[in-house]
Amino acid sequence: MTRLFVKGADISMLKEVEDFGGRYYLGEEQKDLFEILQIKGLNTVRLRLWVNPYDEEGKPYMGGTNDLETTIELAKRAKAHGMQFMLDFHYSDFWADPKKQDKPKAWQSYTGERLQEEVYRYTKEVLEVCRLCDVMPDLVQIGNETTNGMLWPEGKTPTYVPEKQSFEETEAAQWDKSYDSLAALLKAGVRAAREAGPMKIILHLDAGGQNVLYRTWFDEMSKRNVDYDIIGLSYYPIWHGGLEDLQFNLEDISARFNKEVLVVETAYGHTTESLSGADIFTEEMSKIAGYPPTVEGQGQFLQDLMETVRKIPDGKGLGIVYWEPAWLPVKGTSWASLAGMKYGNDVSEMGNHWANQGLFDFEGKALASLDVFLK
């Protein structure tokens, strides 16, 4: 039986976009986003999950406000369209990435074994709700971009510095202690997922083109016998090196650790125009990546990326997932509310800074670059 090559999309912002009036079109015809993705050959939906993305007054953090109820609602729509469901546990009340991995508000006093127990309990509880709602994940991420650990400070590991392709200097004893703590937290989540049912377990880092990071981090996990199936990578060509860097890393780590590899986040701009004037993708970024900032350039990048993953020996290249291709710049949507910014200690301009990296134009019309997933 031929293994399914993952052609995925993280559409965690969808409910917020729709609530503020966003609509999607194939040609001139309005359609449900999931129908468009299915028609265009996508087979997997990735959804992030935050523990409690609201402040003490119940104000939403936005960025999708991806609580369990929202996640279940979107997962049901994905399953109804015959798509795989990838669940991305952040183990935080809001965004978790290499720069921030804040413990949920309700877990602030938990440390050591008590924190491990809570990770296990929460993971098991979420997956039980998924089972009862008939939306069990096919793939599950235990943590999101855990390059520098998760659930800080307990799960904080030595900081990786991408510009230097090395870790900050750390005493050996502290190095070992920090990875011991992270491994224990990951094991708690993995154990709950294994008990919940058959699903592939993903551990996920960023900077997909940086081999030193992946060798070092997964060596530490191997030493501590952390159980997982797939190495997940974020790979954005504007930040993470060329495709030759990614290919070298994928080939090396898939062989070194005997694991499948999956690009769980990627994106590229279809234009340098920005309705807000604050989009991350710019002309300068496109020069770094080496692809034209056009719909054709976006499509060519995706085609080249999929070919790169497919070439990994022994069929260990599982596929790619596009990050937030349907995040339209409709008025009212934002990566964070003021409450969310305060929680994450990251106060900056509200709004959508990703729209020109979508696979839809600013009005919601499917771009020709989506056709790459049909190949």
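Accessible areas, as used here, come from the Shrake-Rupley method with a 1.4 Å probe. The structure treated below is a predicted model.

**Exercise 1. Surface and burial**

State what area the protein exposes, and what share of its residues counts as buried.

*Solution.* Begin with the surface: the protein exposes about 15,100 Å², and carbon and sulfur atoms supply 50% of that area. Then turn to the residues, where buried means under 20% relative accessible area; by this cut-off, 59% of the 375 residues are buried.

**Exercise 2. Overall dimensions**

Decide whether the radius of gyration agrees or disagrees with that of a compact globule.

*Solution.* For 375 residues, a compact globule would have a radius of gyration near 21 Å, and because the protein has 19 Å, the two agree. Next, consider the box filled by the C-alpha atoms, which along the principal axes is roughly 60 × 50 × 45 Å.

**Exercise 3. The barrel and its helices**

Describe how the strands of the barrel are arranged, and which strands helices α5 and α9 touch.

*Solution.* The protein contains 10 helices and 12 strands. Eight strands form a closed barrel with parallel pairing, in the order β1-β4-β5-β6-β9-β10-β11-β12, and the twist from one strand to the next averages 25°. As one example of the pairing, β9 (residues 200-205) and β10 (residues 230-234) run parallel over four bridges, with I202 standing opposite I230 in β10. Helix α5 (residues 172-196) packs on the sheet and touches β6 and β9, its direction making about 160° with that of β6. Helix α9 (residues 295-310) also packs on the sheet, where it touches β1, β11 and β12, and its direction makes about 155° with that of β12.

Methods. Residues are numbered from 1 along each chain as its sequence is written. This is a predicted model: local features need pLDDT of at least 70, side-chain atom pairs count only at pLDDT 80 or more; totals for chains, interfaces and linings use all residues. Side-chain values use heavy atoms; hydrogens and water are left out. Two strands pair if DSSP finds at least two bridges between them. Helices (H or I, at least four residues) and strands (E, at least two) are DSSP runs, numbered from the N terminus. Axes are lines fitted to C-alpha atoms, for helices over the stretch in contact, and angles run from 0 to 180 degrees between N-to-C directions. Contact means heavy atoms within 4.5 Å. The radius of gyration is taken over C-alpha atoms; the globule rule is 2.2 Å times the number of residues to the power 0.38. Buried means under 20% relative accessible area, exposed over 50%, partly exposed in between (1.4 Å probe, protein chains only).
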